[in-house]
Amino acid sequence: MSATTAVALCPVSSDVLPATKPTPDSLALLAAPASATMARAATRAVLHLHGLGDVTEAAVQTVSELVACASRFSAADDIYVSLRHRNGTIRV
């Protein structure tokens with residue numbers, strides 16, 4: 001006997017959003033499960049390089065969850081991750 005799993009995609013929004021392109025402070029990844037691993041490594045390296053070790057684990061966890069969900073539910077072939085640090089705040 002084989003088990004089947006029903007998968008429901010998020011409803012498609014009727015809003016038309018402009019196409020996004022990677023910027024110098026972003027990373028383009030394939031919308032694939034392995035991308036979460038690459039995003040975690042890149043986030044950890046960038047934050048270490050900028051001396052932001054105190055926020056690294058929280059940022060890595062956030063990026064990992066967002067990339068995993070984006071990869072799972074995106075209809076696009078690729079996704080973009082952007083990290084910005086300004087005024088003591090990390091923006092993902």
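Begin with the whole molecule in a surface view: the protein exposes about 7,100 Å², and carbon and sulfur atoms supply 60% of that area. Please bear in mind throughout that this is a predicted model.

**The overall fold**

Switch to a cartoon view. The protein has two helices and four strands. Followed from the N terminus, these elements run β-α-α-β-β-β. Colouring by burial is a useful next step: 18% of the 92 residues count as buried. If contacts are displayed, consider those with a separation of 6 or more; residues 24 or more positions apart account for 63% of them.

**First stop: Arg44**

Select residues 35-49, which form helix 1, and find Arg44 within that helix. Is Arg44 buried, partly exposed or exposed? Its relative accessible area is 36%, and because this value lies between the limits of 20% for buried and 50% for exposed, Arg44 is classed as partly exposed.

Next, show the surroundings of Arg44. Apart from neighbours within four places in sequence, Arg44 is in contact with Thr56, Glu57 and Val60. Pause at Val60, which is 16 residues from Arg44 along the chain; the C-alpha atoms of the two are separated by 6.4 Å.

**Second stop: Ser71**

Move on to helix 2, residues 56-73, and select Ser71 there. Here the relative accessible area is 13%, and since a value under 20% counts as buried, Ser71 is a buried residue.

Which residues does Ser71 touch, once those up to four places away in sequence are set aside? Display Leu30, Ala31, Ala32, Pro33 and Ser35, and then add Ile79 to complete the set.

**Third stop: the second largest pocket**

Finally, turn to the second largest pocket, whose volume is about 270 Å³. To centre the view, select Asp25, Val46, Ser82, Leu83 and Arg84, which lie nearest the pocket centre among the 17 lining residues.

Several elements can now be highlighted around this pocket. Strand 1 (26-30), helix 1, strand 2 (78-82) and strand 3 (84-86) each supply at least two residues of the lining. Which element gives the most to this lining? That element is helix 1, with five residues; it is also the helix that holds Arg44, visited at the first stop.

To close the tour, colour the lining of the second largest pocket by residue class. The view will show 10 nonpolar, five polar and two charged residues.

Key: Residues numbered from 1 in each chain as written. Predicted model: local features only at pLDDT ≥ 70, side-chain atom pairs only at ≥ 80, totals over all residues. Heavy atoms only, no water. Buried < 20%, exposed > 50% of the residue type's maximum accessible area, 1.4 Å probe, protein only. Contact = heavy atoms within 4.5 Å. Areas by Shrake-Rupley, 256 points an atom, 1.4 Å probe, with all protein chains shown as cover. 1 Å grid on protein atoms, 1.4 Å probe; cavity = no way out; pocket = protein on both sides within 12 Å on 5 of 7 lines; lining within 4 Å. Points joined across faces, edges and corners; volume = space filled by probe spheres on them. Nonpolar A, V, L, I, M, F, W, Y, C, P; charged D, E, K, R; others polar.
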